[in-house]
Amino acid sequence: MASLDGHGLLDTLGRPLRNLRVSVTDRCNLRCQYCMPEEEYAWLRRSDLLTFEEIQRLVEIFTELGVDRVRLTGGEPLLRRDLPDLVRLLSAVPAVRDLAMTSNGVLLAGQAAALRSAGLHRVTVSFDTLRPDRFRALTRRDEHAAVMRGIEGVRAAGFTGLKLDTVVIRGVNDDELADLVEFARRVDAEVRFIEYMDVGGATHWSREQVVSRAEILERLERRYGQVAPIREHSSAPAERFRLGDGTTFGIIASTTTPFCRTCDRSRLTADGTWYLCLYAQRGIDLRTPLRDGASRDTLRALIASGWGRRRDRGAEERKDLEAIGHRGVLVQIEGLRQDPRLEMHTRGG
Ligand code: SF4
């Protein structure tokens, strides 16, 4: 049963509805090994993609139930034409206190200024390697220089609080941890190391390639000396740490140290399906009632009842499987072809 207290709507584990990740397209201009390793993909139907006005309407209703942080994702969100127009619509929703975007950076240089003047607050760039040859091998695209220009463009546009998200994969980029910390410091960013996750779409995932939080810390301590945890009250997925010289970095350890107990995130796909967990196999269709003319109250009740019944703790359950030796690829390729919404690139990572 949904429960509303002074903090808004709570799920069955007492977790509030606060962070909404809105995927605006399932398309991407990179093919990262940990996300889109296949040659062919099934795509969402274009006619099913929510319009900007439909997204704004849903976001407004979500805010009435507690959401105050919205992150635009994809695929690659900048592939959605006129994205600053959506940013303008969402930044006009008074309850949205934090409006952020995660991008792969390829198209950022040309759009950062327009996004900032439209009201975007913060940008996170996925950035896995400093080496162009490695980037090409990891993403199957030759866009490293464009991403570097994108990072520079974010700074030039006046954004602060830039984050760089790095998926650490053994044998791929795990020898660049310190180099990435140094790079982030030079560009006034904070790097966040993300454990390689066995989410939908990661069809090449293996446990052996996961570099754990503990190992990341150990390697950085070997290089920098003691690393101090930063104590903060936050439902953000990253734990943050400080080096002796004050440089900070984060680790998102969903694979070895899940944080489902405090998870207030949900995801809306570009076709209006609402997922209550990154690992959820089924979502709630909000597009159909929206397009059928459902009232605001009806949509709000649908969302409230979905969150009120939420008991998802996908990453913890995956970890439990590991204990009994059953942790492998989450969804095989045939399943992904039948339902592209199971893909991480569709539900916004
Ligand atoms: S696995 Fe699901 S419940 Fe756990 S932190 Fe991720 S989205 Fe939240």
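Q: How many helices and strands are there in the chain of this predicted model?
A: This is a predicted model, so take what follows as a reading of predicted coordinates. Going along the chain, you'd count both kinds of element: twelve helices and 14 strands.

Q: Why can we call the chain as compact as a globular protein of its length?
A: For 349 residues the globule rule gives 20 Å. The radius of gyration of the chain is close to that, so the chain is as compact as a globular protein of that length, at 19 Å.

Q: What does the C-alpha trace span along its principal axes, and what share of the residues is buried?
A: Along the principal axes, the trace spans about 55 × 50 × 45 Å. Counting as buried anything under 20% relative accessible area, the buried part of the 349 residues is 56%.

Q: Among contacts between residues at least 6 apart in sequence, what share joins residues at least 24 apart?
A: Take the contacts in the chain whose partners sit at least 6 apart in sequence. The part of them that joins residues at least 24 apart is 74%.

Q: How far apart are the centres of the positive and negative side chains?
A: On the positive side there are 54 side chains, and on the negative side 51. Take the centre of each set, and the separation is 2 Å.

Q: Is the pair of Tyr41 and Trp43 stacked, edge-to-face or tilted?
A: The chain has six aromatic pairs in total. For Tyr41 and Trp43, the ring centres lie 6.0 Å apart with the planes at 50°. Stacked needs under 30 degrees and edge-to-face over 60, so this pair is tilted.

Q: Which of these two counts as buried and which as partly exposed, Tyr41 or Trp43?
A: Tyr41 has a relative accessible area of 11%, so it falls under the 20% cut-off and is buried. Trp43 comes to 26%, so the label for Trp43 is partly exposed.

Q: What kind of aromatic pair do Phe241 and Phe249 form?
A: Their rings are 5.5 Å apart centre to centre, with 20° between the planes. Phe241 is buried at 4% relative accessible area, and Phe249 is buried too at 0%. With planes under 30 degrees apart as the cut-off, the pair is stacked.

Q: Which residues form one aromatic cluster?
A: Here we go from pairs to a cluster. The members are Phe62, Trp274 and Trp307.

Q: Where does Ala280 sit, and which residues does Ala280 touch?
A: Ala280 is found in the loop between β13 (273-275) and β14 (284-285). It's a loop residue that counts as buried, at 8% relative accessibility. Asp312 is 32 residues away along the chain, yet the two C-alpha atoms are separated by 7.4 Å. Leaving out residues up to four places away in sequence, Ala280 touches Tyr275, Asp312, Leu342 and Arg347.

Q: Which residues of helix α10 are buried, and which residue just after α10 takes a positive phi?
A: Helix α10 covers residues 314-323, and its buried residues are Gly314, Ala315, Glu316 and Arg318. Just after α10, phi turns positive at about 75° in Gly325.

Q: Where is the cis peptide bond that leads to Gly75?
A: Gly75 belongs to the loop between β4 (69-73) and α2 (83-91). Omega is near 15° for the cis bond, which runs from Gly74 to Gly75.

Q: Is Asp82 buried, partly exposed or exposed?
A: Asp82 is in the loop between β4 and α2, and its phi is positive, near 60°, though the residue is not a glycine. Its relative accessible area is 46%, so Asp82 is partly exposed.

Q: Is Asp188 buried or exposed?
A: Asp188 has a phi near 60°, another positive value in a residue other than glycine. You'll find Asp188 in the loop between α6 (177-186) and β8 (190-195). With a relative accessible area of 58%, it is past the cut-off of over 50%, so Asp188 is exposed.

Q: Which residues does Pro84 touch?
A: Pro84 lies in helix α2 and counts as buried, at 11% relative accessibility. Gly8, 76 residues away along the chain, has its C-alpha atom 29 Å from that of Pro84. Not counting residues up to four places away in sequence, the residues touched by Pro84 are Gln111, Ala114, Leu115 and Ala118.

Key. Residues numbered from 1 in each chain as written. Predicted model: local features only at pLDDT ≥ 70, side-chain atom pairs only at ≥ 80, totals over all residues. Heavy atoms only, no water. Helix = DSSP H or I, 4+ residues; strand = E, 2+ residues; numbered from the N terminus. Rg over C-alpha atoms; globule rule 2.2 N^0.38 Å. Buried < 20%, exposed > 50% of the residue type's maximum accessible area, 1.4 Å probe, protein only. Contact = heavy atoms within 4.5 Å. Lys, Arg positive; Asp, Glu negative; His and termini not counted. Charge placed at Lys NZ, Arg CZ, Asp CG, Glu CD. Phe/Tyr/Trp six-rings, centres within 6.5 Å; stacked < 30°, edge-to-face > 60°.
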